[in-house]
Amino acid sequence: MPVAASAIYFLNLRGDVLINRLYRDDVGGNMVDAFRTHIMQTKELGTCPVRQIGGCSFFYMRISNVYIVIVVSSNANVACAFKFVVEAVALFKSYFGGAFDEDAIRNNFVLIYELLDEIMDFGYPQNLSPEILKLYITQEGVRSPFSSKPSDRPVPNATLQVTGAVGWRREGLVYKKNEVFLDIVESVNLLMSSKGVVLRCDVTGKILMKCFLSGMPNLKLGLNDKIGLEKESQLKSRPTKSGKTIELDDVTFHQCVNLTRFNSEKTVSFVPPDGEFELMKYRITEGVNLPFKVLPTIKELGRTRMEVNVKVKSVFGAKMFALGVVVKIPVPKHTAKTSFTVTSGRAKYNASIDCLVWKIRKFPGQTEPTLSAEVELISTMTEKKSWTRPPIQMEFQVPMFTASGLRVRFLKVWEKSGYNTVEWVRYITKVGSYEIRC
């Protein structure tokens, strides 16, 4: 595995070293002089955050009035290095009360050195979780007078959380009402031709959770994904039940998910963090259920008139509805006057974006509202360039609908005390990029 850093420097805007830490002996202590000479003094700071000078690579980032510079001489993991910087700054802010600047560094030299020793070992990042590090580095930083007051939290067993597998959750949590909220939020991306042929379509989704559970519970989530259902039928030695299954692509999980169990049983098992977090992200490229079909007809009648007819059909169930639906229909820049007839919602001409904007506040399922418009264009003597028609764009949000068809089959909560829990599940489909060529 490539290292993330051989040395790290914190510099002010003049190039003075505020604090530094050498993790490996393959770079010299004077490497920061090369950064000052070749990058800061030549004013090339804004061109590229990765530079190679001599045999060393420099990765740098500016936070407030401080430059954080990572130096490495061998093949390095650049993404890991920048991720380390971002997480380290978040850690410092949690100790300093939300402030990270030159004054905060000067006021907290001892604390920063102690943290730098803990969060990286021989060039490899370690635990950067503020909740865990505060369990055994209890020294408080000099806080900004504008920072928020630190919350008083009970101190649990630090050794268990640092060395164990549940570093994202502290012990001793107690709630009067144990609840779990789960949201499946999806964004639809579509590019469709004027003849209704889908040119590109995919869905990106994420599962968001908010947990208010006592103790150290174990949760098990079952989805209607194809691989998971097939694995479950194999383990139970019975055929898979009929019903829609989906194939998830590019799945990424929160660190709390037990990947060993997911690889063997294809079930999402985890001990959740307290509060709100993102459990997983995924992408769907096949079998997408489009919430809307748009049928546009645009006729250019000579050089001064246009007729626009757009029908939008909602494909989802009649008992569901979409909110905040906006259809943007492009028109030429030299539009002079427009008149509308709509069967639902309101429409107007927006000259700043050269579009007819059709808004429907609440769009029921299985309906087909239409818009008819007459557009008058400014007549000029000069020859006009042919109008290249931009695509029609849509904005919407459909509650309790998933374009991928993903559904929660079960959500089980187990805790040794055996308390009862209340589970809430919600589905939301939003627009990512919904374009129809006309």
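A polar contact is taken here as a pair of N or O atoms within 3.5 Å; within protein, one atom must be able to donate a hydrogen and the other to accept it, and residues adjacent in sequence count only if both atoms are side-chain atoms. The model is predicted, so local features require pLDDT of at least 70 and side-chain atom pairs pLDDT 80 or more, whereas totals for chains, interfaces and linings use all residues. Residues are numbered from 1 along each chain as its sequence is written, and side-chain values use heavy atoms, with hydrogens and water left out.

The side chain of glutamate 415 reaches the backbone nitrogen of methionine 216 at 3.4 Å. Glutamate 415 lies in the loop between β22 (408–414) and β23 (422–436), strands being DSSP runs of E with at least two residues and helices runs of H or I with at least four, numbered from the N terminus. Glutamate 415 is buried (under 20% relative accessible area, with exposed over 50% and partly exposed in between; 1.4 Å probe, protein chains only). No salt bridge (a side-chain nitrogen of Lys or Arg within 4 Å of a carboxyl oxygen of Asp or Glu) is formed by glutamate 415, and the nearest side chain of opposite charge, lysine 416, is 5.6 Å away. Lys and Arg count as positive and Asp and Glu as negative, without His and the chain ends.

The largest nonpolar core (buried Ala, Val, Leu, Ile, Met, Phe, Trp, Tyr and Cys residues joined through side-chain atoms within 4.5 Å) holds 63 residues, and Leu221 and Phe270 are among those that touch the most other members. Strand β8 (residues 179–192) gives the most to this core, with six residues. Beyond neighbours within four places in sequence, leucine 221 is in contact (heavy atoms within 4.5 Å) with residues including Leu182, Ile207, Phe270 and Phe410. A second, separate core of 38 residues includes Ile112, Leu116, Ile119 and Met120.

The structure holds 15 salt bridges. One of them joins the side chains of arginine 283 and aspartate 250 at 2.8 Å, N to O. Because arginine 283 lies in strand β13 (residues 275–284) and aspartate 250 in strand β11 (residues 249–253), the pair ties together parts that are 33 residues apart in sequence. Arginine 283 is partly exposed, at 29% relative accessible area, while aspartate 250 counts as exposed, at 52%. Arginine 106 and glutamate 102 also meet in a salt bridge, at 2.9 Å, N to O; being four residues apart in helix α3 (residues 102–106), they are separated by about one helical turn.
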